[in-house]
Amino acid sequence: MATKYELTTRMRRVPIAQPTEPDVPVAEALTAQEFTDLALGTEETRSALEALSTVESTYIDVFPRCIIGSFAIPSRRDPLDDPTCFAFYFDKLHLVFIDGGTICERLLGVVAASGVMKQMTTAHCLFEFMKQLTKDDLEYLADLEDRMEDEEEAMLDRCEEVSNRRMLSFRRMLLRIDTYYQQLADMASVLAENESKLLTHEESRLFSLLAHQAERLLKRSQTLKEYSLQLRELYQTSIDIRQNDTIQWFTVITTLFAPLTLLTSWFGMNFANMPGLDWAGSYYVVIGVALAIAAGMLAFFRKKGWL
């Protein structure tokens, strides 16, 4: 749904078809066709925006009189799902988000309702919009860390099986989140450099602060990515321990039956002159010897901690 806000003394929503005074900045959320009908910028910028609207990347491009870019925001519910993508066009009087969904409309509404904009300019509106994109991200990363710690405790306690797929999913999620924060930090840095001179000094400083915030989130995600590698190593170690336990168990069984196999093989040769074959109690003696050997070996294994 198309949305339009006039930036006058406050951020005020107006009908999309309402004409705007020439010097009044506006912030809008439009579909690709509605943006084309506005005929903003040059043919080059419109063509570049059309390409950006389908790119799953957070990107920015600076032109002499405007700035265009795109966002690809990973889903908090599952970062491995397809990201939410939209593009934007920015100049001194226009901030237009090209979005086929509702996220831009919703975030502009949040910015307008919060009343946090100190100056009614398109640059300040873009800054507050980008701040909303990273709102509560530290809490989200902390929650992700808690989930990883739960997996670690499960492996250490060995009270439940942890699948290799879950270990790999953490790694893949953090790679995608890491890429997003890196691109977001780069975008904020480009805006702070103010190459096209569309921003005031104060607005450049705001985007510099936003770049630092994105870099902090990037460092946090990189720390979690390293943690995921440690979890992967711990998972592999737990597998090795289970395999060693299994091999040890089979070794104990094999060792236990080796002398018994020798005993049965020895008395199964059936030589004609073999002593004790004609004695009525020999069968019970062999059984007793076998049980004594088994009991002695089991006691030895238990003492060594192998059982």
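User: Contact here means heavy atoms within 4.5 Å; which residues in H4 do Cys 104, Leu 107, Leu 108, Val 110 and Val 111 in H3 meet?

Analyst: This is a predicted model, in which local features need pLDDT of at least 70 and side-chain atom pairs count only at pLDDT 80 or more, while totals for chains, interfaces and linings use all residues. Residues are numbered from 1 along each chain as its sequence is written, and side-chain values use heavy atoms, with hydrogens and water left out. Helices (H or I, at least four residues) and strands (E, at least two) are DSSP runs numbered from the N terminus. The partners in H4 of these H3 residues are Cys 125, Glu 128, Phe 129, Gln 132 and Leu 133.

User: How many residues of each class does the contact of H3 with H4 have?

Analyst: Ala, Val, Leu, Ile, Met, Phe, Trp, Tyr, Cys and Pro count as nonpolar, Asp, Glu, Lys and Arg as charged, and the others, Gly among them, as polar. Sorted in this way, the contact of H3 with H4 has 8 nonpolar, 1 polar and 1 charged residues.

User: Is H3 roughly parallel or roughly perpendicular to H4?

Analyst: Axes are lines fitted to C-alpha atoms, for helices over the stretch in contact, and angles run from 0 to 180 degrees between N-to-C directions. The axes of H3 (residues 103-114) and H4 (residues 122-133) come within 10 Å and cross at roughly 110°. Angles under 35 degrees count as roughly parallel, over 145 as roughly antiparallel, 65 to 115 as roughly perpendicular and the rest as oblique. H3 is therefore, with respect to H4, roughly perpendicular.

User: Which are the edge strands of the open sheet?

Analyst: Two strands pair if DSSP finds at least two bridges between them. With mixed pairing, 7 strands form the open sheet in the order E2-E1-E3-E7-E6-E5-E4. The strands that pair on one side only are E2 (11-14) and E4 (59-62).

User: Which residue in E3 does Thr 3 stand opposite?

Analyst: Strand E1 (residues 3-7) and strand E3 (residues 26-30) run antiparallel and are joined by 4 bridges. Opposite Thr 3, the residue in E3 is Ala 29.

User: Is Ser 196 buried or exposed?

Analyst: Ser 196 lies in the loop between helix H6 (164-193) and helix H7 (201-267), and, not counting residues up to four places away in sequence, Ser 196 touches Val 62, Phe 63, Pro 64 and Ile 67. Buried means under 20% relative accessible area, exposed over 50%, and partly exposed in between (1.4 Å probe, protein chains only). Because its relative accessible area is 13%, Ser 196 is buried.

How values were computed. Contact means heavy atoms within 4.5 Å.
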